[in-house]
Amino acid sequence: MANEATVFTDDVTLSTVCDHIRNIANLQVFGGCTQKYTLPENSLTIRKVQELSQTEKKERYIEFGPGVTLSYILSLGRANVPTVLYDAIETIGTTSIRNIATIGGNICASLSENEYKQTLWAPLLALGAMLEIKTVKNTNKTGITQIPFSQFTQLPKDTILTKIKVPLTDWEISIFRRVGPSNNITDTSASFVFLADTQKDILTDLRITFAGPLSFNLRDIINQHLSGIKLPIKQKQLSAFIEKASIEYDSKIGEAKVNPVLKAQFLNLLRFSFIDLTEPTL
């Protein structure tokens with residue numbers, strides 16, 4: 001049966017978007033719709049909403065509207081976008097897909113039931129991004145809320161994602177890797193990010209995230225075992241950390257059915273990422 005949907009794609013303003021959300025029952029908001037084969041009965045794409053398609057670079061962070069396309073972010077140049085975010089976007093689809101797909105769409109597609117966390121989830125989690133969410137139900141208040149990306153689990157009813165703020169911290173080591181097939185999401189797909197800073201042979205900051213059928217960071221075990229450690233890290237210390245990471249991975253999976261290949265990939269990426277921080281093997 002053909003998908004019979006009303007799709008609002010006109011050059012509306014943010015105010016009009018809010019009116020649509022308030023007045024149209026069960027309205028679903030999308031970015032470029034690149035991940036949907038069929039659409040709900042009432043749908044709205046925000047790609048042409050000017051207020052939601054702007055980018056602003058400030059001293060400490062870069063700010064994207066959810067309607068900013070992935071191609072546009074790449075056009076800013078690697079020097080103006082966090083390395084792991086830039087590298088992640090380069091792995092998404094083809095040029096024609098990136099011309100349509102949006103950063104907000106990639107984030108929000110990851111919220112659907114039984115959906116994998118999409119490619120940008122791990123970079124945004126590791127970088128400590130902040131999300132600005134606007135409540136549209138009450139027109140007498142601005143209703144703007146900012147939440148850390150690490151606490152983002154869903155868009156509440158009658159709200160819209162309005163900004164993604166990404167810190168512009170310089171990292172000594174910035175590694176992004178995507179596993180699984182190119183240009184497709186399968187049960188072996190996931191994204192991995194490793195960020196590290198050092199000072200005077202001390203590991204001052206370390207962030208490791210992994211996102212696919214599950215999403216997590218290793219903040220707690222990093223704080224317990226590697227925070228402030230003197231470099232180079234001894235092989236024995238690294239082995240102990242990877243063992244803790246393996247246990248953490250298993251605890252995050254729980255009873256979920258996850259392809260075992262992903263765990264092997266995750267642990268291999270961990271070992272690879274620590275090469276420049278550990279003592280050489282004999």
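How many nonpolar, polar and charged residues make up the lining of the largest cavity? In this predicted model, the lining of the largest cavity divides by class into 4 nonpolar, 5 polar and 2 charged residues. A reader new to the structure may find these residues listed by name helpful. Y116, K117, Q118 and T119 are among them, and further along the chain the lining takes in R178, I185, S189, A190 and S191, together with A211 and G212. The space enclosed in this cavity comes to about 50 Å³. With the cut-off set at 30 Å³ or more, the count is 1 cavity.

Attention can now turn from the cavity to an open pocket. The second largest pocket has a volume of about 320 Å³, and 18 residues line it. Of these, L125, S150, S215, F216 and N217 lie nearest the centre of the pocket. Several elements contribute to the lining: helices α6 (121-127), α7 (219-225) and α8 (235-253), as well as strand β12 (215-217), each provide at least two residues. In terms of class, the lining of the second largest pocket holds 8 nonpolar residues, along with 5 polar and 5 charged ones.

A last stop is helix α3, which spans residues 83-90. This helix is mostly covered, with 6 of its 8 residues buried. The buried residues of α3 are V84, L85, Y86, D87, A88 and I89. As general background, an α-helix has 3.6 residues a turn, so residues three or four places apart point the same way.

Note on methods
Residues numbered from 1 in each chain as written. Predicted model: local features only at pLDDT ≥ 70, side-chain atom pairs only at ≥ 80, totals over all residues. Heavy atoms only, no water. 1 Å grid on protein atoms, 1.4 Å probe; cavity = no way out; pocket = protein on both sides within 12 Å on 5 of 7 lines; lining within 4 Å. Points joined across faces, edges and corners; volume = space filled by probe spheres on them. Nonpolar A, V, L, I, M, F, W, Y, C, P; charged D, E, K, R; others polar. Helix = DSSP H or I, 4+ residues; strand = E, 2+ residues; numbered from the N terminus. Buried < 20%, exposed > 50% of the residue type's maximum accessible area, 1.4 Å probe, protein only.
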